[in-house]
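Thank you for making time this morning. I would like to walk you through a structure that is new to most of this group, so please have a look at it first.

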Amino acid sequence: MANIAVVTGASSGVGREFVRQFDRGAGGPLDQIWVIARNAEALEVIAEQTATPVRVFALDLTKRSSYECLHDALEEEAPTVQWLVNSAGFGKFGDFGQISEEDEGNMVRLNCLAVVEATYHCLPHMVAGSRVVNMASIAGLIPQPGLSTYSATKRFVVDLSRTLDYELGPVGIHVCAVCPKFMETGFLANPGDAREVRRMTTIGYEKPADVVRKALHAAVLGRSTCVTSPDMMAASVVAKVLPASWVMRAQDLFFTARAGE
Ligand SMILES: NC(=O)c1ccc[n+]([C@@H]2O[C@H](COP(=O)([O-])OP(=O)(O)OC[C@H]3O[C@@H](n4cnc5c(N)ncnc54)[C@H](OP(=O)(O)O)[C@@H]3O)[C@@H](O)[C@H]2O)c1
């Protein structure tokens with residue numbers, strides 16, 4: 001039976017970095033890596049650059065029919081899913097009413113529902129030692145006005161990861177929500193309100209390679225949450241004990257001061 005990793009959002013950014021690190025053996029021996037995103041061409045390029053055999057699934061994960069395709073392939077091949085990485089996701093910055101209804105809805109469909117669906121279909125093919133890595137965000141631990149729907153979708157990912165990890169722990173499967181700050185990936189290519197982006201990114205950036213390395217380490221250790229930078233770890237501890245309204249006000253003042261507005 002083939003041991004595989006399934007990576008959504010594999011065509012760029014963090015997902016592509018997971019594929020690279022799996023290919024170098026970071027996730028243990030794998031017979032295949034299954035890569036999922038809409039951009040078939042980008043996935044084919046990754047397949048060509050990867051020594052481990054790659055199976056390409058050009059799917060739009062906001063569409064229900066995409067999961068039938070994944071389900072059928074899993075039933076047909078009956079692999080052992082050692083790793084599921086849910087990295088597909090996007091965020092739009094700006095006031096709630098300024099973001100299109102389509103984008104608001106698709107953030108929920110992709111950032112939340114796709115994580116549920118992909119996990120649901122992969123879980124029957126997992127065994128003790130298998131891991132699910134869900135790309136959340138520090139926005140899932142610290143509420144972010146100006147990024148409200150995105151922030152709420154990532155809170156969903158954090159809570160789903162923690163509860164599933166608890167449920168599945170007894171059978172040796174662990175689920176980890178990864179909470180980085182910003183990274184210079186496709187995520188920031190078309191992000192919406194440029195002023196909000198400028199203000200919020202004053203907290204600084206992490207490198208996708210570091211985030212993925214820390215995420216894999218945390219997942220192997222069976223941790224259900226991985227905050228990948230020390231400053232955000234401290235901020236998330238403070239945010240946990242203070243009222244949410246204080247946290248949001250303090251952030252606002254911080255961003256305004258840092259952005260020099
Ligand atoms: N970069 C950051 O600052 C940051 C910070 C915290 C958390 N995150 C989270 O990290 C994850 C990865 O983001 P990234 O930084 O790697 O951004 P990215 O470079 O834009 O990658 C996003 C991936 O999602 C895929 N995707 C988008 N819409 C899709 C759809 N409808 N169906 C299937 N795949 C879709 C994209 O591929 P196609 O376009 O080919 O479909 C791409 O592979 C996301 O969940 C994001 O929320 C990012």
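Before I describe how the helices sit on the strands, let me say that contact here means heavy atoms within 4.5 Å, and that angles run from 0 to 180 degrees between N-to-C directions. Please also keep in mind that what you see is a predicted model.

With that settled, helix α7, residues 208-221, lies across β4, β5, β6 and β9, and its direction runs at about 140° to β5. The strands it crosses belong to an open sheet of 7 strands, in the order β3-β2-β1-β4-β5-β6-β9, and the pairing is parallel. At the edges are β3, residues 54-58, and β9, residues 225-227, each of which pairs on one side only. On average, and ignoring direction, neighbouring strands of this sheet are turned by 15° against each other.

Another helix, α4, which covers residues 101-122, also packs on the sheet, where it touches β1, β4 and β5, and its direction makes about 175° with that of β4. If we look at two of those strands, β4 and β5 run parallel and are joined by 4 bridges, and within that pairing Val-85 has Val-133 in β5 as its bridge partner.

Helix α4 also brings us to the salt bridges, of which the count comes to 9. One of them is formed by Arg-64 and Glu-117, with the closest N and O atoms 3.1 Å apart. Because Arg-64 lies in the loop between β3 and α3 while Glu-117 is in helix α4, this pair ties together parts that are 53 residues apart in sequence.

Finally, let me turn to the second largest pocket, which has a volume of about 210 Å³. It is lined by 13 residues, and the closest to its centre are Leu-141, Arg-162, Ser-236, Val-237 and Lys-240. Which element supplies the largest share of that lining? It is α8, with 5 residues, while α5, β9, α8 and α9 each supply at least two. By class, the lining has 8 nonpolar, 2 polar and 3 charged residues.

How values were computed: Residues numbered from 1 in each chain as written. Predicted model: local features only at pLDDT ≥ 70, side-chain atom pairs only at ≥ 80, totals over all residues. Heavy atoms only, no water. Pairing = 2+ DSSP bridges. 1 Å grid on protein atoms, 1.4 Å probe; cavity = no way out; pocket = protein on both sides within 12 Å on 5 of 7 lines; lining within 4 Å. Points joined across faces, edges and corners; volume = space filled by probe spheres on them. Nonpolar A, V, L, I, M, F, W, Y, C, P; charged D, E, K, R; others polar. Salt bridge = Lys/Arg side-chain N within 4 Å of Asp/Glu carboxyl O.
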